[in-house]
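Student: Could you walk me through this one? I would like to go over how the chains fit together.

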There are 4 protein chains.
Amino acid sequence: MKSFEETKQRLRVFCEERDWDQFHSPKNLAMALIVEAAELVEHFQWLTEEESAVLPASKLAAVAQEVADVQIFLIRLADKLDIDLDEAVAAKMAVNEQKYPADKARGNALKYTEFDDGD
Amino acid sequence: MKSFEETKQRLRVFCEERDWDQFHSPKNLAMALIVEAAELVEHFQWLTEEESAVLPASKLAAVAQEVADVQIFLIRLADKLDIDLDEAVAAKMAVNEQKYPADKARGNALKYTEFDDGD
Amino acid sequence: MKSFEETKQRLRVFCEERDWDQFHSPKNLAMALIVEAAELVEHFQWLTEEESAVLPASKLAAVAQEVADVQIFLIRLADKLDIDLDEAVAAKMAVNEQKYPADKARGNALKYTEFDDGD
Amino acid sequence: MKSFEETKQRLRVFCEERDWDQFHSPKNLAMALIVEAAELVEHFQWLTEEESAVLPASKLAAVAQEVADVQIFLIRLADKLDIDLDEAVAAKMAVNEQKYPADKARGNALKYTEFDDGD
C-alpha cells in the first residue's frame, strides 16, 4: 500500500528535476486539478448512469489515468499548502457524519441545509 | 498513516447507512468531484499566485476542507469503478516520467505534444 | 432582444465603478467562469436525466441565475480578450457542421476523431 | 449582430439532423459545458495573469474556439430549459448591482457576504 507521503516525495523530485516549482503556485495547481477533473467528466457526459457503471476495458483504463491525474495534482497542491491529506480527510468525514445523520439523510440527496427540521 | 483502503471502507459504511448508493453512479460522482474542485478553485480565483501560497489560517482551513472533499469523492469514484488508486497513480507517474524527460521539460510548461524535436 | 454588445458595455461600467478591472485578467475570469459552471452542474449532480428536464420552478429560477453568471463571465472574458462572441460562435458552428457530417454523426455521441472511416 | 435566438435555431437544426436530442438532457449539457469551460481554463493554467492578457495570435484563436464552445452549450442548455438568456442576464446584472454597491465593493474582491457592515 502506497501512502500520500511516498507520492508526495516522488512528485517533489519529479518537479525539481524539471524546474517546475516556478509554475506550481496553489492557484495554478487548483486550475490544473479542475482541468483533469473535467477530463474525467468528459468520459461520462454522454453516457447514461447505467453505462457509466460498466465501462468497456479501454475506456476504464483511460478513466483510471484521469483519476490518477486528479490524485497527483491533489497531492501536489496539498504539499504546496502544507495540508496533511490524511488528517483533512478524516476531519471532513467526521464533519459529514455529523451534518448528515443517517435518519435525516437516508434515501435522499438533500444538502444538509435543506433538511426539514419539522416535527 | 491512513490508506485509501481505510477511507474507502469508511465511505462504504457511511453511504450504506444513508442509502446513498442509488445516487453514486460514476457519472454522478464525477459531477460531484468537479463541483468540489470548483469550490477549491473559487478560493484562489481573485488571488495573485503569490497570495495563493501564503493563505491566512482561516482560509487555509477552508481550503483544506475542499481538498478533503475532492479526495473523498475521488476515493468513492475509484471504489465504484474498481480502480486501484495506488496502482493508477504509480502507473501515471511512470508515464509522466517518460513523456516529460527532464532535459526537454526543464523550465517550461509545454505539453509533451508541443516539444520541438529540433535539429 | 439584447446583444452581447449591450451587456459588455453594462459590465464595463459595473466593473469600472467598483475598480474591479485589476482582478479581471483573462486567467482569473476563466477561473470565475468555471466556478459558475460548477454551480450549474451542482444543481444536476444527483438528478436523473429525466428529472433534469423537468425542474420545479424554484430550482429552475436558481439554475437560470447560474446560467446568467456563466454568460456574464463569458462576455466579460471575451471583452478582455477582444474576442467577438458572435463571430466566434458562427465560426465554430461552421466547423462543427463540417466535423460532424449528419450521416456519420447520426444517433451517436462519438467524437469526430472516433468515426470509423471504414468501407 | 447575431442574437441568441438565431444560434438557438441553428443549433436545433444541427442537433435534429444528427438525432442528438436524445443525448441533450440538461444534466448532460451542463457536463459538456463545464468540460468546455475547463478546456478554456487549460490555456491559462501555467500563464501569469499578465501573459494571459497578451496571448499570441495562434493561442488567442484556440481560446476563441473554446469560448465559442462554452457559448454554444450555454445557448443549447438554456433552450432545453426554456430559459430566456437575455432576461436571465439582465435580471442577474440587476441583482449584482444591488448586492455589490460601488462604495462597499470598490477595489476589493470580497463576496457580498463578507462585507463588514461597519459601525
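Tutor: We can take symmetry, then an interface, then aromatic pairs.

Student: Anything to keep in mind before that?

Tutor: This is a predicted model, in which local features need pLDDT of at least 70, side-chain atom pairs count only at pLDDT 80 or more, and totals for chains, interfaces and linings use all residues. Residues are numbered from 1 along each chain as its sequence is written, chains are lettered from A and ligands numbered from 1 in the order in which they are written, and side-chain values use heavy atoms, with hydrogens and water left out.

Student: What rotation superposes chain B on chain D?

Tutor: A rotation of 180 degrees with 0.0 Å of shift along its axis does so, with an RMSD of 0.0 Å, where the fit is by least squares on the C-alpha atoms of residues with pLDDT of at least 70 in both copies. The two copies are thus related as by a two-fold rotation axis.

Student: And which residue of chain B comes closest to the rotation axis?

Tutor: That is B:Met31, whose C-alpha lies at 3.7 Å from the axis.

Student: Switching to chains A and B, how many residues does the contact take from each?

Tutor: Chain A gives 66 residues and chain B gives 66 residues, contact meaning heavy atoms within 4.5 Å. The two chains bury about 5900 Å² between them, 70% of it on carbon and sulfur atoms; this is the accessible area (1.4 Å probe) lost on putting the two parts together, summed over both.

Student: Which residues of chain A lose the most area to chain B?

Tutor: They are A:Arg10, A:Lys27 and A:Met93, which together account for 10% of what that side buries.

Student: How many salt bridges are there between chain A and chain B?

Tutor: The count is four, taking a side-chain nitrogen of Lys or Arg within 4 Å of a carboxyl oxygen of Asp or Glu. One of them pairs A:Glu97 with B:Arg10, with the closest N and O atoms 3.1 Å apart.

Student: New topic: how many aromatic pairs are there over all chains?

Tutor: The structure holds 18, counting rings of Phe, Tyr and Trp (its six-membered ring) with centres within 6.5 Å; planes under 30 degrees apart are stacked, over 60 edge-to-face, and the rest tilted. The rings of B:Trp46 and C:Phe73 have centres 6.3 Å apart and planes at 40 degrees, so this pair is tilted.
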